[in-house]
Amino acid sequence: MRHVALTVIREEHQALAAMLRSLSMLLAQSRREGKVPDFGLLRAMLFYIDEFPERLHHTKETELLFPRLRERCPDLIPVLDALDEDHEQGERAVLRLEHALLAFEMMGEARRLEFEAAAERYVNFYLSHMGTEEQTILPAAEKHLLPEDWVELDAAFARNKDPLTGHQPDDAYRPLFTRILNTAPAPIGLGG
Ligand SMILES: [Fe+2]
Ligand SMILES: [Fe+2]
């Protein structure tokens, strides 16, 4: 049985993982070449991460999927608590990261290491968070949630479309999406 909710979560995870890897690659490349990175592109990426996954994706997990799972799988409550805690921290972490990026842009090389270290921590934190969801939470949902749970979840997730996963983007996010896609290096974008 294919559930829209799980498909949306998995697609958003893939898009987000590609975005995070692309961010790491940009930083590694700029360090190798001894140049400052494309700050406009980095700002666009962090803004996107802040708007879409942090606010929409996590909100749907925390408000819709996780409460159902708490009911149906009490064994998973400690794992769900930890993931909810990640969601809360993640929003603060991306704001701190945006500030560290601004510091690098305004203050120059003296603030590069600090931003790079923060970005690496954030990327690792995020990838491991999504790994737990993929390996533990989604399979448990598939196994234990009831049909009436899925009706509600699928409807809610169907309204939450992310442009990077190939769905029609919200008009408001279209210019940002296009800009990231045209400037970012592979695997996410078309830029060099
Ligand atoms: Fe999550
Ligand atoms: Fe997630």
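How many residues does H1 have, and how far does H1 reach from its first C-alpha to its last?

**View 1. Helix H1 and the residue after it.** In this predicted model, H1 has 30 residues and reaches 43 Å from its first C-alpha to its last. The span expected at 1.5 Å a residue is 44 Å, and the value for H1 is close to that. Gly34 follows H1 and has a positive phi, near 65°.

**View 2. The largest nonpolar core.** The largest nonpolar core holds 25 residues. Those that touch the most other members are Met19, Met45, Leu46, Ile49, Leu97 and Leu101. At least two residues of this core come from each of four helices: H1 (4–33), H2 (39–72), H3 (77–107) and H4 (112–144). H2 supplies the largest share, seven residues. In soluble globular proteins, nonpolar side chains tend to be buried together.

**View 3. The second nonpolar core.** A second core, separate from the largest one, has 14 residues. Among them are Val8, Ile137, Leu145 and Leu153.

**View 4. The contact of H2 with H3.** The axes of these two helices, H2 and H3, come within 10 Å and cross at roughly 165°. H2 is therefore roughly antiparallel to H3, the cut-off for that term being an angle over 145 degrees. The crossing in which H2 passes H3 is left-handed. Residues of the contact of H2 with H3 comprise 11 nonpolar, four polar and nine charged.

Technical notes:
Residues numbered from 1 in each chain as written. Chains lettered and ligands numbered in written order. Predicted model: local features only at pLDDT ≥ 70, side-chain atom pairs only at ≥ 80, totals over all residues. Core = buried A, V, L, I, M, F, W, Y, C linked by C-beta atoms within 7 Å. Buried ≥ 20, exposed ≤ 12 C-beta atoms within 10 Å, placed from the backbone. Axes fitted to C-alpha atoms, helices over the stretch in contact; angles between N-to-C directions. Parallel < 35°, antiparallel > 145°, perpendicular 65-115°, else oblique. Left-handed = near helix turned anticlockwise from the far one by under 90°. Nonpolar A, V, L, I, M, F, W, Y, C, P; charged D, E, K, R; others polar. Expected span 1.5 Å × (residues − 1).
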